[in-house]
Amino acid sequence: MTKKNQDEKSTRKVAPSLEKVKNIIAIASGKGGVGKSTVSTNLAIALQQAGFTVGLMDADVYGPSQPTMMGAGNEQPKIADGKLIPVTRHEIRFISMGLLMQEDTPVIWRGPMASKVIQQFVGSVAWGELDYLLIDLPPGTGDIQITLAQQASLTGAIIVTTPQKIALDVAKKGLQMFENVNVPIVGIVENMSGFTCKHCGETTAIFSEGGAESMAKKFGVAFLGSIPLDPQIMVSGDSGAPLLIDAKDSAPAETYRKLAATVVKQIEDSGNKGGSEPLNMEIDGKGNLAVKWQDNTESSYTPYHLRVNCPCADCIDENSGTRTLDPKKVPLDLTIRSFEAIGRYAIAIKFSDGHDSGIFRYDFLRKMAEKDTGIKSGSFSV
Ligand code: ADP
């Protein structure tokens, strides 16, 4: 986003240290022990091996297992120019509460420390340019998760669950929490799906199976795949020798590669639908909002055109979807005073007539450019 004129430009809410990160994905679970950290590590490595630049933020304050899983030992992140420099492991930039805390730090200190450290992870880590930053969230749906979802301007969230009913019930809460704070759900992963006996080849669904897929269908989100219950996954995680490096031809390693490919496709497809954050937005010399999209196409919107299409509840009847704003009452010489990014999914625009309640989602702006916003004009014509 360019910053030519402070009055007219957006003040992005994305922390400067995350500005060069293309996709920020939270990995979440309703409860602990379902394999969220294991999925985060292996997904990070699979993405790196597929050619992406990857960062991994371990924000799981109550059980920071990433240093062990990544084999990072006691390495301390360095500080330069007031920023924490992530440790590099397996070509992944990596930061963890576990690298900053002593193993015997009492749990009672961890809560208050957590929010401060997480704010630092978002605002003061020199992540640099990344294709993907994966955030291994603490389990549950508390303040830490909500703050992080808002401060880190997440691209999306992946929910990890095991197939049994009790895990699925809490996973649903996680899913709803992200929807409440407008973070898109990339999809759901079912972990510990089934155990295949290496002697007889028979697969047993120890914790049941298929629950995550039906939950995904019910909530209209993508099912990203299932990971088997496999002792090799546990041993590699606990020994810090990741499967995708030490046993890259193994069956579970292939499962993680498939998962990574599905995640990438899912994110790219949602971008192609027009929902993704533009490459650049500015007010051009004519006072129009000029947007350059990820696919390099460009759209230009006059202030009048934006104002009469404002999707807020003052301008559109929420029940009928019909415009209640009379376009004739909008001054033709209207200007855009400023605009501001809302997370990574929309902008809020302040117009010179004082109207500032419209949130223009990026997918809505794309539809405007295609002249198909779905707004009914009712008794007014534009
Ligand atoms: P969480 O982050 O959800 O608390 P972890 O990733 O730390 O869970 O996993 C909990 C334990 O389960 C770890 O010992 C891990 O090695 C093991 N584990 C995770 N996924 C699998 C799997 N698919 N098969 C076997 N063991 C697994």
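**Aromatic contacts and a helix pair**

At 3% relative accessibility, Tyr132 counts as buried, because the limit for that class is under 20%. The model in which this residue is described is a predicted one.

Tyr132 takes part in one of the aromatic pairs, of which the structure holds three. Its partner is Phe52: the ring centres lie 5.2 Å apart and the planes stand at 90°, so the pair is edge-to-face. The two residues come from distant parts of the chain, 80 residues apart. Phe52 belongs to the loop between α1 (36-49) and β2 (54-58), while Tyr132 lies in strand β7 (residues 130-136). Phe52 has a relative accessibility of 25% and therefore counts as partly exposed, whereas Tyr132, at 3%, is buried.

Aromatic residues also appear elsewhere in the chain. Phe351, Phe360 and Phe364 form one aromatic cluster. At Trp293, the ring is accompanied by a charge: the charged end of Arg366 sits over it, 4.9 Å from the ring centre.

The packing of two helices completes this description. Helix α6 (residues 165-180) and helix α7 (residues 211-219) have axes that come within 11 Å and cross at roughly 35°. The crossing in which α6 passes α7 is right-handed. On the side of α6, the contact is made by Leu168, Ala171, Lys172, Leu175 and Gln176; α7 contributes Gly211, Ala212, Met215 and Phe219. Sorted by class, this contact between α6 and α7 has six nonpolar residues, two polar residues and one charged residue.

Conventions
Residues numbered from 1 in each chain as written. Predicted model: local features only at pLDDT ≥ 70, side-chain atom pairs only at ≥ 80, totals over all residues. Heavy atoms only, no water. Axes fitted to C-alpha atoms, helices over the stretch in contact; angles between N-to-C directions. Helix = DSSP H or I, 4+ residues; strand = E, 2+ residues; numbered from the N terminus. Left-handed = near helix turned anticlockwise from the far one by under 90°. Contact = heavy atoms within 4.5 Å. Nonpolar A, V, L, I, M, F, W, Y, C, P; charged D, E, K, R; others polar. Phe/Tyr/Trp six-rings, centres within 6.5 Å; stacked < 30°, edge-to-face > 60°. Buried < 20%, exposed > 50% of the residue type's maximum accessible area, 1.4 Å probe, protein only. Lys NZ or Arg CZ within 6 Å of the ring centre and 35° of its normal.
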